[in-house]
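Grab the coordinates and work through a few exercises with me. Each task comes with a solution in steps.

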Amino acid sequence: HELGILQELLQRPHQIAAQLRGYIEDQKITVADFSKLSVKCPYIVFMPQWDFLDFLAIEARKYPTFTLHMQYDVTDLIKHEGKIVGVRASTPQGIVEINSHLVIGADGRHSTVRRCAGLESTDIGAPIDVFWFRLSRKPSDPDETYGKFSAGRIMVMINRRDYWQCGYVIAKGNAEQHQKQDIAIFRAMIVKSADFLADRVDELKSWDDVKLLSITIDRLQRWHIPGLLCIGDSAHAMSPVGGVGINLAIQDAVATANILAPHLKENNVTSAELQAVQARREFPVKVIQFLQVIVQNRVISNVLHKTQKLQMPTFVRHIQRLSFVQRCVGYIIGIGVRPEHIEATD
């Protein structure tokens, strides 16, 4: 909305959720309510990552100084007199070198840029991993995106219109144990969480159709060295709890632009400006990671180790009665701590 391209974005296929809901056994609960937030769009939009990135690329190409190189895989950093001055990349045409006044590592939790820079991280820990897969969706299926909590099982289902993007949560380190079993056992576990999938769970032919997402929560102690800055998951890998990783990453990018733009114009970005980005964004990252750890350790881990039918926790009952708590959770997920806004520059 602040860039003036909101309506173009919403022309892309997407789903809208004004609330986030879930099920504890068969009892429906509302976890977060976005509908009362004082924002242009009081809802969450679900859109496949490729569609979102493709949209950004198309809009960015309208700027004459923007260039996008596809199939360029950064393999190393170029250093000169103690400063990062560019990157080496593997391309279909071979190895190339790209020189730059500033390199920004935004290459995710398995960041090559972070590794090559030798930046040290603090591992906060995550007790879960996720099996990620898709199953076809029928018009008679539920419309909403939701999570199902049952004794020993947690599954999240994202409505992508013609298919379900599913995440089946498992205890950290248990993936190999599951994968040694016949895929039919995993199919049966899925049906226990969502029985309406029974007629299509055979779409998972083998474990090759199921991807393992290894969950980590960590945070760089220092996000930068001369000539280089890491942001997003490259600087702080987030848990999938709340789905807030992309929110924090985009806010990192906005803060980076606001702080660095005047200095980039003069090709005069120093460590002081890079540290200013970290100082601006580190606090909200710490707060959200702290909350994610609480949910992981006190809620998710407990559910995964339960053997008897879950009972509605007392605090969840209170959330259902207190709508302002649902709005608070909606604010944290949808807007976050220390939200960023685009600052106009000449």
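What follows is a set of four exercises, going from the whole chain down to its sheet, pocket and cavity.

This is a predicted model, in which local features need pLDDT of at least 70, side-chain atom pairs count only at pLDDT 80 or more, and totals for chains, interfaces and linings use all residues. Residues are numbered from 1 along each chain as its sequence is written, and side-chain values use heavy atoms, with hydrogens and water left out.

**Exercise 1. Describe the overall build of the chain.**

Step 1: count the elements. You should get nine helices and 17 strands, where helices (H or I, at least four residues) and strands (E, at least two) are DSSP runs numbered from the N terminus.

Step 2: check compactness. The radius of gyration is 22 Å, close to the 20 Å that the globule rule gives for 346 residues, so the chain is as compact as a globular protein of that length. (The radius is taken over C-alpha atoms, and the rule is 2.2 Å times the number of residues to the power 0.38.)

Step 3: box it. Along the principal axes, the C-alpha atoms fill roughly 60 × 45 × 40 Å.

Step 4: look at burial. Of the 346 residues, 43% count as buried, meaning under 20% relative accessible area with a 1.4 Å probe and protein chains only.

**Exercise 2. Work out the layout of the open sheet of three strands.**

Step 1: get the order. The sheet reads E5-E6-E7, with antiparallel pairing; two strands pair if DSSP finds at least two bridges between them.

Step 2: find the edges. Strand E5 (73-80) and strand E7 (94-99) each pair on one side only.

Step 3: take E5 with E6 (residues 83-91). Seven bridges join them. Val74 stands opposite Ala89 in E6, and Asp76 opposite Arg88. Their hairpin has two residues between the strands, and Glu81 takes a positive phi near 50° there.

Step 4: take E6 with E7. Six bridges hold this antiparallel pair, and Gly86 faces Asn99 in E7. These two strands also form a hairpin, with two residues between them.

**Exercise 3. Characterise the second largest pocket.**

Step 1: size it. It offers about 150 Å³ of space. (On a 1 Å grid over the protein atoms alone, a pocket is an open set with protein on both sides within 12 Å along at least five of seven lines, while a cavity is a set of points where a 1.4 Å probe fits but cannot get out; lining residues have an atom within 4 Å of a point. Grid points are joined across faces, edges and corners, and a volume is the space filled by probe spheres set on the points.)

Step 2: list the lining. Among the residues are Tyr23, Asp26, Tyr146, Lys148, Lys192 and Asp195.

Step 3: assign elements. Strand E11 (146-150) and helix H5 (183-193) each give two or more residues, and H5 gives the most, with three.

Step 4: sort by class. The lining has five nonpolar, one polar and four charged residues. (Ala, Val, Leu, Ile, Met, Phe, Trp, Tyr, Cys and Pro count as nonpolar, Asp, Glu, Lys and Arg as charged, and the others, Gly among them, as polar.)

**Exercise 4. Which residues line the largest cavity?**

Step 1: search. The whole structure has one cavity of 30 Å³ or more, and the largest cavity has a volume of about 50 Å³.

Step 2: read off the lining: Val244, Asn247, Leu248, Gln251, Ile288, Ile332, Gly336 and Val337.

Step 3: trace the source. Helix H6 (residues 245-265) supplies the largest share, three residues.

Step 4: classify. The lining divides into five nonpolar, three polar and no charged residues.

Conventions. Buried < 20%, exposed > 50% of the residue type's maximum accessible area, 1.4 Å probe, protein only.
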